[in-house]
Amino acid sequence: MRRPGLKSIWAVLLAAVLFLGAGLPVHARPGFFNRDARSGTKPLPSSAPSGKLQEVAPPGAVQQLRQNLQQHRPSLRLIDPSNDSIFTTDALELSFEIEDWPLRTDPELGLGPHVVLQIDNRAPLRLSESNGNRLKVRIDDLEPGSHRFSAWAAYPWGEAVQAPGASVQGRLHLWQKLQGTQPERDAPWLVPVSPAGEQGLQPLLVDWLIWNAPLQNLREGDARWRLRISIDGDSFLVDHHEALWLKGSNSSGSHDIQMELLNGLGEPITPIFNNQLIHLKAASGPKPGWMRPRLTESQLARLSGAPEPEVLEVVESSPEPPQKTEEKKQKKTEQPRDLPQAEIKAEAVVEDEVETKPEAAPQPKAPEESDKQEPEPPLAEQLPAEQPSQAETAWPTPPTPAPEKPAGPQQPAEQEPKLMPSSSLGGSARELLNSDGRLRKP
């Protein structure tokens with residue numbers, strides 16, 4: 001015989017279980033992050049790099065580029081295909097849309113800001129060319145079955161941009177789905193981020209992405225996950241996401257970087273997807289631009305995708321400052337005494353002779369010049385010049401010839417000045433002159 005009250009009690013209990021279970025987040029299932037508050041086990045503490053590893057500052061060029069790119073807020077979106085699509089072809093094409101992120105590649109400095117696409121554990125694809133803001137990638141060597149992919153906006157050195165909307169992830173299937181080969185929709189999975197070039201350059205960039213990882217450290221003891229990082233045998237634990245720059249003893253060889261996702265108690269979380277190893281080959285060839293200690297303004301613009309600063313060539317074609325013009329004028333009026341005459345141009349010779357001899361007027365007066373050249377004309381000076389004689393008035397005065405233009409450098413620099421006839425001399429004085437204006441010699 002059934003009791004009517006027992007059925008109602010079971011119904012109440014079942015409703016209470018369903019109500020409480022609906023309020024729990026999806027990541028609280030056993031095997032993910034171990035949030036059992038009743039266990040008295042303390043969370044695994046984080047640790048700093050130890051052994052041969054030492055955390056150092058990023059290269060100077062990285063700091064410059066980061067400051068130059070912090071004005072951008074990249075947004076990456078999957079356009080085609082939709083997440084969880086099934087393809088029935090051997091090749092597939094993925095299309096993304098990127099906004100506010102300048103994609104660049106410089107032939108001298110290397111890769112600039114770009115987008116990284118990684119499918120499963122394959123080598124990352126770095127995309128730096130777009131059609132407008134569209135990126136298309138064709139892949140024709142995928143195995144049939146299910147695959148996971150992630151894409152993110154990356155700095156020139158390869159670090160992922162940690163900003164909302166700067167990365168996407170999803171699943172795709174070739175021919176049909178295969179259960180158990182990929183993480184579930186709400187399961188966490190780890191993606192190691194390799195430095196650009198995949199070389200073991202020091203200092204080493206260590207970066208990663210964790211999908212579906214919950215927030216933690218909101219309160220004391222709130223440990224939800226840990227990441228164990230091992231580099232060439234030295235290990236340490238981190239509990240928050242922040243890219244690291246590490247320096248070790250092996251500065252020129254290859255490096256192995258292992259990353260393991262653990263829960264707060266140090267237990268592995270689905271290690272088939274969250275125990276990853278990347279191998280960085282030994283450095284070879286010239287170092288990329290972002291490894292330099294410092295970049296010039298032009299290099300910084302080219303590597304960060306910003307417009308290059310205009311080179312000011314106006315200095316050569318612009319008019320000279322007033323100060324230099326005045327200096328040139330002063331030099332022009334002063335005859336250089338120590339400069340050989342042979343090095344002066346023909347135009348400069350004539351101009352300098354005129355300007356440096358102000359006493360040689362264009363139309364010299366006959367008495368003054370004759371006084372300087374020869375001491376003989378005292379007789380002309382004693383003659384009265386105020387009252388011309390009758391012979392002078394009867395003899396017409398010839399016109400005064402125009403001063404001759406100075407010739408080129410072949411003309412002698414000094415020439416005996418000619419005494420031109422003037423009406424200021426009396427008739428007897430005129431007889432002392434030749435027809436060409438020179439004094440007659442006794």
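## Loops, sheets and an aromatic cluster

Pro 203 sits in the loop that links β12 (189–193) to β13 (204–211). The model is predicted. The exercises below start from this loop.

### Exercise 1. The loop between β12 and β13

Which residue is joined to Pro 203 by a cis peptide bond? Where is Glu 198 found, and is Glu 198 buried, partly exposed or exposed?

**Solution.**
- Start with the peptide bond. Gln 202 and Pro 203 are joined in the cis form, with omega at about 5 degrees.
- Now place Glu 198. This residue is found in the loop between β12 and β13, where Pro 203 is also found.
- Check the backbone. Glu 198 has a positive phi, near 50 degrees, and is not a glycine.
- Check the surface. Buried means under 20% relative accessible area and exposed means over 50%. Glu 198 has 24% relative accessibility, so it counts as partly exposed.

### Exercise 2. The sheet that holds β12 and β13

What is the strand order of the open sheet of four strands? Why is one side of β1 and of β12 left without a neighbour in the sheet?

**Solution.**
- Read the order: β1-β16-β13-β12, with antiparallel pairing.
- Look at the edges. β1 (54–55) and β12 each have a single partner strand, so each keeps one side without a neighbour in the sheet.
- Zoom in on one pair. β12 and β13 run antiparallel and are joined by five bridges.
- Pick out a residue pair. Leu 190 has Ile 210 in β13 as its bridge partner.
- Recall the background: strands of a sheet pair through backbone hydrogen bonds, either parallel or antiparallel.

### Exercise 3. A sheet of three strands

Which strands stand at the edges of the open sheet of three strands? How many bridges pair β4 with β9?

**Solution.**
- Set out the order. The sheet runs β2-β4-β9, and the pairing is antiparallel.
- Find the edges. β2 (75–80) and β9 (134–139) each pair on one side only.
- Add the twist, which averages 25 degrees from one strand to the next.
- Count the bridges. β4 (92–99) pairs with β9 in the antiparallel sense over six bridges. In β9, Val 137 is the bridge partner of Leu 94.
- Follow β2 into its loop. Pro 81 lies in the loop between β2 and β3 (85–87). The peptide bond from Asp 80 to Pro 81 is cis, and omega is near 0 degrees.

### Exercise 4. Arg 148 and its surroundings

Is Arg 148 buried or exposed? Which side chain makes a polar contact of 2.7 Å with the side chain of Arg 148?

**Solution.**
- Place the residue: Arg 148 is part of strand β10 (145–154).
- Apply the cut-off. Arg 148 has 5% relative accessibility, so it counts as buried.
- Find the polar partner. The side chain of Gln 182 joins that of Arg 148 in a polar contact of 2.7 Å.
- List some residues that Arg 148 touches. Among them are Gln 118, Asp 120, Arg 171, Trp 189 and Phe 273.
- Take a closer look at Asp 120. It belongs to the loop between β7 (114–119) and β8 (125–127). Its phi is positive, about 55 degrees, although Asp 120 is not a glycine.

### Exercise 5. An aromatic cluster

Which residues form one aromatic cluster? How is the pair of Trp 101 and Tyr 155 oriented, stacked, tilted or edge-to-face?

**Solution.**
- Start with the total: the model has four aromatic pairs.
- Describe the pair. Trp 101 and Tyr 155 are edge-to-face, with 5.7 Å from centre to centre and 75 degrees between the planes.
- Locate both rings. Trp 101 lies in the loop between β4 and β5 (105–106), and Tyr 155 in the loop between β10 and β11 (167–174). The pair therefore ties together parts that are 54 residues apart in sequence.
- Check burial. Trp 101 is buried at 7% relative accessible area. Tyr 155 is buried too, at 11% relative accessibility.
- Widen the view. Trp 101, Tyr 155 and Trp 157 make up one aromatic cluster.
- Look over the ring. Arg 66 lies over the face of Tyr 155, at 5.2 Å from the ring centre.

### Exercise 6. Helix α4

Which elements do the buried residues of α4 pack against? Which residue follows α4?

**Solution.**
- Name the buried residues of α4 (297–304): Gln 299, Leu 300, Ala 301, Leu 303 and Ser 304.
- Find what they pack against: α2 (60–69) and β6 (110–111).
- Step past the helix end. Gly 305 follows α4, and its phi is positive, near 80 degrees.

Terms used: Residues numbered from 1 in each chain as written. Predicted model: local features only at pLDDT ≥ 70, side-chain atom pairs only at ≥ 80, totals over all residues. Heavy atoms only, no water. Buried < 20%, exposed > 50% of the residue type's maximum accessible area, 1.4 Å probe, protein only. Helix = DSSP H or I, 4+ residues; strand = E, 2+ residues; numbered from the N terminus. Contact = heavy atoms within 4.5 Å. Pairing = 2+ DSSP bridges. Axes fitted to C-alpha atoms, helices over the stretch in contact; angles between N-to-C directions. Polar contact = N/O pair within 3.5 Å; in protein donor to acceptor, adjacent residues only side chain to side chain. Phe/Tyr/Trp six-rings, centres within 6.5 Å; stacked < 30°, edge-to-face > 60°. Lys NZ or Arg CZ within 6 Å of the ring centre and 35° of its normal. Lists of a residue's contacts leave out its neighbours within four places in sequence.
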